[in-house]
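Please find below a colleague's note on the model, set out as numbered points. The points begin with one pairing and then widen to the sheet, the core and the chain as a whole.

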Amino acid sequence: MKTLKEVAVGETAKVKKIGGNGPTRRRIMDMGITKGVDVFVRKVAPLGDPIELTVRGYELFIRKSEAEVIEVEE
């Protein structure tokens with residue numbers, strides 16, 4: 001399964017599943033990343049952390065470790 005970390009800059013992906021433990025999962029969902037939502041990858045920092053996303057019409061930065069637990073489909 002492909003994770004959000006593997007999505008290339010300029011691509012859009014649909015969230016399929018959010019993994020992780022309780023607090024991490026809750027934090028991701030509180031930011032608006034939920035099952036079925038489209039996520040557009042705007043930029044990735046030079047060292048790969050953080051990743052800039054557009055979710056539900058606003059910009060969001062997440063860590064690489066958070067992106068690894070979000071499974072997506074293109």
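**Notes on the predicted model**

1. Lys-14 has Asp-38 in E3 as its bridge partner. The two strands concerned, E2 and E3, pair in the antiparallel sense over three bridges, where pairing requires that DSSP finds at least two bridges between two strands. Strands here are DSSP runs of at least two residues (E), helices are DSSP runs of at least four (H or I), and both are numbered from the N terminus.

2. Before going further, the basis of the note should be clear: this is a predicted model, in which local features need pLDDT of at least 70 and side-chain atom pairs count only at pLDDT 80 or more, while totals for chains, interfaces and linings use all residues. Residues are numbered from 1 along each chain as its sequence is written, and side-chain values use heavy atoms, with hydrogens and water left out.

3. On confidence, pLDDT is the predictor's own score for each residue, from 0 to 100. The chain has a mean pLDDT of 92, with 100% of its residues at 70 or more. Among the elements, the lowest mean belongs to helix H1 (residues 22–30), at 90, and the highest to strand E3 (residues 38–44), at 95.

4. The chain holds two helices and six strands, which follow the pattern β-β-α-β-β-β-α-β along the sequence. The six strands make an open sheet in the order E1-E6-E2-E3-E4-E5, with antiparallel pairing. E1 and E5 stand at the edges with a single partner strand each, so one side of each is left without a neighbour in the sheet.

5. Strand E4 deserves a closer reading, since it takes part in two hairpins. With E3 it pairs in the antiparallel sense over five bridges, and Lys-43 stands opposite Glu-52 of E4; six residues lie between E3 and E4 in this hairpin, and Gly-48 in the turn has a positive phi of about 90 degrees. With E5, E4 again runs antiparallel, joined by five bridges, and Ile-51 stands opposite Ile-62.

6. What is found in the loop between E4 and E5? Arg-56 is located there, in a hairpin with two residues between its strands, and its phi is near 55 degrees, a positive value in a residue other than glycine. Arg-56 counts as exposed, at 54% relative accessibility; the cut-offs are under 20% relative accessible area for buried, over 50% for exposed, and partly exposed in between, with a 1.4 Å probe and protein chains only.

7. In contrast to that turn residue, E4 itself is mostly covered, with five of its five residues buried. Both of its faces are covered: Ile-51, Leu-53 and Val-55 are buried on one side, and Glu-52 and Thr-54 on the other.

8. The largest nonpolar core has 19 residues, and those with the most contacts inside it are Leu-4, Ile-33, Leu-53, Ile-62 and Ile-70. Such a core is a set of buried Ala, Val, Leu, Ile, Met, Phe, Trp, Tyr and Cys residues joined through side-chain atoms within 4.5 Å. Two or more residues come from each of strands E2, E3, E4, E5 and E6.

9. Leaving aside residues up to four places away in sequence, Ile-70 touches Lys-2, Thr-3, Leu-4, Val-15, Lys-17, Ile-28, Ile-33 and Ile-62, contact meaning heavy atoms within 4.5 Å. Thr-3, which lies in strand E1, is buried at a relative accessible area of 14%, and with the same exclusion it touches Ala-67, Glu-68, Ile-70, Glu-71 and Val-72.

10. The end of the chain also meets its beginning: Glu-74, found in the segment after E6, is in contact with Lys-2, Glu-11 and Thr-12, its neighbours within four places in sequence left aside. The C-alpha atoms of Glu-74 and Lys-2 are separated by 8.8 Å, although these residues are 72 apart along the chain. Glu-74 is exposed, with a relative accessible area of 57%.

11. For the whole chain of 74 residues, 35% count as buried. Of the contacts between residues at least 6 apart in sequence, 55% join residues at least 24 apart. The C-alpha trace spans about 30 × 25 × 20 Å along its principal axes.
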